[in-house]
Each structure stands twice: as structure tokens, then as C-alpha cells.
Amino acid sequence: NLQHNDNSTKQHQSKALFIMSSTETTIALFGATGGTGSEILASALEQGYRVRIMVRTPSKVVPSEHPNLTVLEGDCTGSLETIRETLQGADYVINVVGGPVGIPKDYPVGVYSEFLRVLVGAMKEQSSIKVYLHQSGVLTPHPDGSQPWGMWLLDATFGRYVLRIGPNTDEHNVEQKYLESVRDDLPFKFICTRPGGLQKGEGGTKLAASDTSPCYTMVDFKDLGVWTLEALKDESLYGKYPYVIKA
């Protein structure tokens, strides 16, 4: 019993130390009400991080209140001061902002790539930022143009004519090429992740990164939220465009 109690105490102390350490770390999150963003937010708060978010509709934020959560109202079209305020004191920045999927005629072409340019400019003003994580998509080629043949085929057929997400993929492509063009001028590290199909689910599946092998099966938003936080501190991913796969 004494040994069991000792082990329990050690586990409790370890968890408490982790939470204390995380509480000293701030994440600025953009896209917090979306499928991935909401799971990143939930996981970050659970792990004890301080989180600052900019959202267009604060009433959609879950949880609506939390001692470690700061909610700022704004969107990615003309909220520079709000963007700067969201970034204040941030150690890590995560951008999972994305447009409507499968509705090309309503897709705001150029809006999200322009938001990225504004965001990068604002991040350069914040000396506290260590890492920027940008979420792209599995059908988007590497900035050098390389892409597995299977992904090229999926994009050229199923992606553009069935899912009709050509505008999404093209915007991701513009964003990735921009990141690559400014990589040597950034005072912080960056990661550009390329997850595949996403769905709601209970989670519980371990994810990993791959430079060459995309994921051809669905991944739960919940698992991607957990993995995204892990990726922030994985130095082997810095400066890369990894696919997100099941481990």
C-alpha cells in the first residue's frame, strides 16, 4: 500500500509539474471554432496552456469561459490590431483557419493567403514567438512541386470533380509557397502540416508525421488536435511540410 501510495503521489506530482509548466506557455490560436481548431483548444486547455484566440463569432467558442482562455473578436479580413492583440506574449502560434469545403463558387479566393501574409508580418513583431504551425491539406503538393502520384491523381479527379475542393487546395498551395519564400526571413521556426480526410470521432488513435507517405484513411479531429500540440515541440518537424498519418 505504501508503495502504491508513493507511486500515486509521484504520478500526481508529475502531472502537476506538467500543468504548471504548460501554464507558463501561451498559444495563439486562429480558427478555434472549426473542427480541428476546437479540438486543439480543448486539448490545450486540458493540458494547462494559456490560449488566446481570435474568432469571428465568440458565442461559438467552447468552452465559453475558462481562466486560461482569452477570446478576442475579429476575422481574417481587416483585423490587424486584433491579430496583434491575439499574438501578445505567445510562445506558439497555430493557424487552422480554412474556408468552406466543396463550394467553389462561394470560396473567398485569396482571403486566407492574404491573412497569412498579414499574420506573418504581425508575428515578426512579437519576439516571444518560438514556433508557427500552419495547417494545409493532404492534396497540396510540397512547395517544390513534388507530390506522390496517388495524391496527384486524387486531386485531379476525386478532389476537384467530386469533392470540388480545388479552390481549397489551390489556396493551400499559394500559402505553402509563400511560407517557403520567406522561411529565411522568419525569426521563429515553422511547421506546415498536411492532414488528410478528417471526421468527428472519439479519438484515441496515435498520429505521426511522414515526409513522403500521406494518409489515405480518415482521421478524427480529436486525434489531430492532440497531435498538433505535440508537433509544436518536435524539432525534427521544423521547416518541413509533413503529412499526418496514423502511427
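These legends walk through several close-up views of a predicted model.

**View 1. The whole protein, as a starting point.** Before zooming in, it helps to meet the protein as a whole. The chain has 247 residues, and 45% of them count as buried. Its secondary structure comprises 7 helices and 10 strands. About 12600 Å² of surface is exposed, with carbon and sulfur atoms supplying 51% of it. Among contacts with a separation of 6 or more, 69% are between residues 24 or more positions apart.

**View 2. An open sheet of 6 strands.** In which order do the strands of this open sheet lie? The order is 3-2-1-4-5-6, and the pairing is parallel. At the edges are strand 3 (69-73) and strand 6 (189-193), each of which pairs on one side only. From one strand to the next, the twist averages 15 degrees. Helix 7 (residues 221-231) packs on this sheet, where it touches strand 1, strand 4 (92-95), strand 5 (131-135) and strand 6. The direction of helix 7 makes about 150 degrees with that of strand 5. As a general reminder, the strands of a sheet pair through backbone hydrogen bonds, in either a parallel or an antiparallel way.

**View 3. Two strand pairs, seen up close.** Strand 1 (residues 26-30) runs parallel to strand 2 (residues 50-55), and 5 bridges join the two. Look for Phe30, whose bridge partner in strand 2 is Met54. Elsewhere in the sheet, strand 5 and strand 6 also pair in the parallel sense, over 5 bridges. Here Tyr132 stands opposite Phe190 in strand 6. Is strand 6 largely enclosed or largely open? Strand 6 is largely enclosed by the rest of the structure, because 4 of its 5 residues are buried.

**View 4. Thr228, a buried residue of helix 7.** Thr228 belongs to helix 7, the helix that packs on the sheet. Its relative accessible area is 1%, so Thr228 counts as buried. Which residues does Thr228 contact, once neighbours within four places in sequence are left aside? They are Ile40, Ile94 and Leu133.

**View 5. Helix 5 meets helix 6.** A pair of packed helices is described by the angle between their axes and the distance between those axes. For helix 5 (residues 149-162) and helix 6, the angle is about 130 degrees and the axes are 8 Å apart. The two helices are therefore oblique to each other. Helix 5 brings Asp155, Gly159 and Arg160 to the contact, while helix 6 brings Gly166, Thr169 and Asp170. Sorted by kind, the residues of this contact are 3 polar, 3 charged and no nonpolar.

**View 6. Asp155, on the helix 5 side of the contact.** Asp155 sits in helix 5. Is Asp155 buried or exposed? With a relative accessible area of 10%, Asp155 is buried, because the cut-off is under 20%. Apart from neighbours within four places in sequence, Asp155 is in contact with Leu139, Arg160 and Thr169. Pro141 is 14 residues away along the chain, and the C-alpha atoms of Asp155 and Pro141 are separated by 9.9 Å.

**View 7. Gln176, a buried residue of helix 6.** Gln176 is part of helix 6 (residues 166-182). Its relative accessibility is 0%, so Gln176 counts as buried. Leaving out neighbours within four places in sequence, the contacts of Gln176 are Ser136, Thr140, Pro141, His142, Pro143, Cys192, Arg194 and Tyr241.

**View 8. Two backbone details in loops.** Most residues other than glycine have a negative phi, and most peptide bonds are trans. Arg164, in the loop between helix 5 and helix 6, has a positive phi near 60 degrees. Arg164 is partly exposed, with a relative accessible area of 43%. The other detail is a cis peptide bond between Val62 and Pro63, with omega about 0 degrees. Pro63 lies in the loop between strand 2 and strand 3.

**View 9. Ile245 in strand 10.** The last view turns to strand 10 (residues 243-246), which contains Ile245. Pro214 is 31 residues away along the chain, yet the C-alpha atoms of Ile245 and Pro214 are separated by 6.4 Å. Pro214 is also among the residues in contact with Ile245, which include Lys206, Leu207 and Cys215.

Notes:
Residues numbered from 1 in each chain as written. Predicted model: local features only at pLDDT ≥ 70, side-chain atom pairs only at ≥ 80, totals over all residues. Heavy atoms only, no water. Pairing = 2+ DSSP bridges. Axes fitted to C-alpha atoms, helices over the stretch in contact; angles between N-to-C directions. Contact = heavy atoms within 4.5 Å. Buried < 20%, exposed > 50% of the residue type's maximum accessible area, 1.4 Å probe, protein only. Areas by Shrake-Rupley, 256 points an atom, 1.4 Å probe, with all protein chains shown as cover. Parallel < 35°, antiparallel > 145°, perpendicular 65-115°, else oblique. Nonpolar A, V, L, I, M, F, W, Y, C, P; charged D, E, K, R; others polar.
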